[in-house]
Amino acid sequence: MTENKENIYICRCEEVTLAEIEEAIAQGAKTLTAVKVRTGAGMGVCQGMTCRRNIERMLREGKADPALA
């Protein structure tokens with residue numbers, strides 16, 4: 001059984017899904033800040049302590065540079 005990307009939360013505080021982050025990266029988000037602006041990920045109570053590493057990994061896999069944020 002495969003998980004639906006719309007049911008996998010990367011940012012639990014803001015309820016941002018894997019599908020939403022992938023879409024933001026596909027639409028041109030190349031930095032952590034750009035993903036944050038497009039999706040709200042990392043803006044919740046924990047301020048990215050839970051989701052930042054996963055988003056940075058996704059950016060690296062998308063050939064973006066998370067260090068530019």
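Which residues touch the most other members of the largest nonpolar core? Keep that question in mind as you move through the views below, which all come from a predicted model.

**Figure 1. The whole chain has three helices and two strands.**
Start here to get your bearings. Reading from the N terminus, the elements follow the order β-β-α-α-α. The protein chain has 69 residues, and 33% of them count as buried. Its exposed area is about 4,600 Å², with 48% of that supplied by carbon and sulfur atoms. Now consider contacts between residues at least 6 apart in sequence: 47% of these join residues at least 24 apart.

**Figure 2. The largest nonpolar core has 15 residues.**
Here is the reply to the opening question: Ile10, Ile21, Ile25, Val35, Ala41, Ile55 and Leu59 touch the most other members of this core. Strand E1, helix H1, helix H2 and helix H3 each contribute at least two residues to the core. The largest share comes from H1, which provides four residues. To explore from a single residue, try Ile55. Leaving out residues up to four places away in sequence, Ile55 touches Ile10, Ile21, Leu32, Val35 and Ala41.

**Figure 3. Helix H1 has its buried residues on the same side.**
The buried residues of H1 are Leu18, Ile21, Ala24 and Ile25. Why do they sit on the same side of H1? The arc they cover around the axis is only 130°, and this puts them on the same side of the helix. These buried residues pack against strand E1 (9-11), strand E2 (16-17), H2 and H3. Follow the chain to the point just after H1 and you meet Gly28, which takes a positive phi of about 115°.

**Figure 4. Helix H3 has one face lined by buried residues.**
Ile55, Met58 and Leu59 are the buried residues of H3. Looking down the axis of H3, you would find them within an arc of 100°, so they line one face of the helix. They pack against E1, H1 and H2. What about the other side of H3, where Arg53 and Glu61 lie: buried or exposed? Both Arg53 and Glu61 are exposed there.

**Figure 5. Thr31 lies in the loop between helix H1 (18-26) and H2.**
Thr31 counts as buried because its relative accessible area is 16%, under the 20% cut-off. Its side chain reaches the backbone nitrogen of Ala34 at 3.0 Å.

**Figure 6. Val37 is a residue of helix H2.**
Is Val37 buried or exposed? With a relative accessibility of 68%, Val37 counts as exposed. For a sense of its surroundings, look across to Ala24, one of the buried residues of H1. Val37 and Ala24 are 13 residues apart along the chain, and their C-alpha atoms are separated by 9.5 Å.

**Figure 7. The cysteines in this view form no disulfide, and a search of the whole structure finds zero.**
Begin with Cys11, which is in no disulfide. The cysteine sulfur nearest to it belongs to Cys51, 4.1 Å away. Cys11 counts as buried, since its relative accessibility is 2%. Turning to Cys13, this residue is in no disulfide either. Its nearest cysteine sulfur is that of Cys46, at 3.8 Å. Why is neither pair a disulfide? The two sulfur atoms would have to be within 2.5 Å, and the distances are 4.1 Å for Cys11 and Cys51 and 3.8 Å for Cys13 and Cys46. As for exposure, Cys13 is partly exposed, with a relative accessible area of 38%.

**Figure 8. Gln47 sits in the loop between helix H2 (32-39) and helix H3 (52-61).**
Gln47 counts as partly exposed, with 45% relative accessibility. Which residues is Gln47 in contact with, once neighbours within four places in sequence are left aside? They are Gly42 and Arg52. You can also relate this loop to the previous view through Cys11. Gln47 and Cys11 are 36 residues apart in sequence, while in space their C-alpha atoms are 9.8 Å apart.

Methods: Residues are numbered from 1 along each chain as its sequence is written. This is a predicted model: local features need pLDDT of at least 70, side-chain atom pairs count only at pLDDT 80 or more; totals for chains, interfaces and linings use all residues. Side-chain values use heavy atoms; hydrogens and water are left out. Buried means under 20% relative accessible area, exposed over 50%, partly exposed in between (1.4 Å probe, protein chains only). Contact means heavy atoms within 4.5 Å. Accessible areas come from the Shrake-Rupley method with a 1.4 Å probe; for residues, only the protein chains shown count as cover. A polar contact is a pair of N or O atoms within 3.5 Å; within protein, one must be able to donate a hydrogen and the other to accept it, and residues adjacent in sequence count only if both atoms are side-chain atoms. The arc is that of the directions from the helix axis to the C-beta atoms. A nonpolar core is a set of buried Ala, Val, Leu, Ile, Met, Phe, Trp, Tyr and Cys residues joined through side-chain atoms within 4.5 Å.
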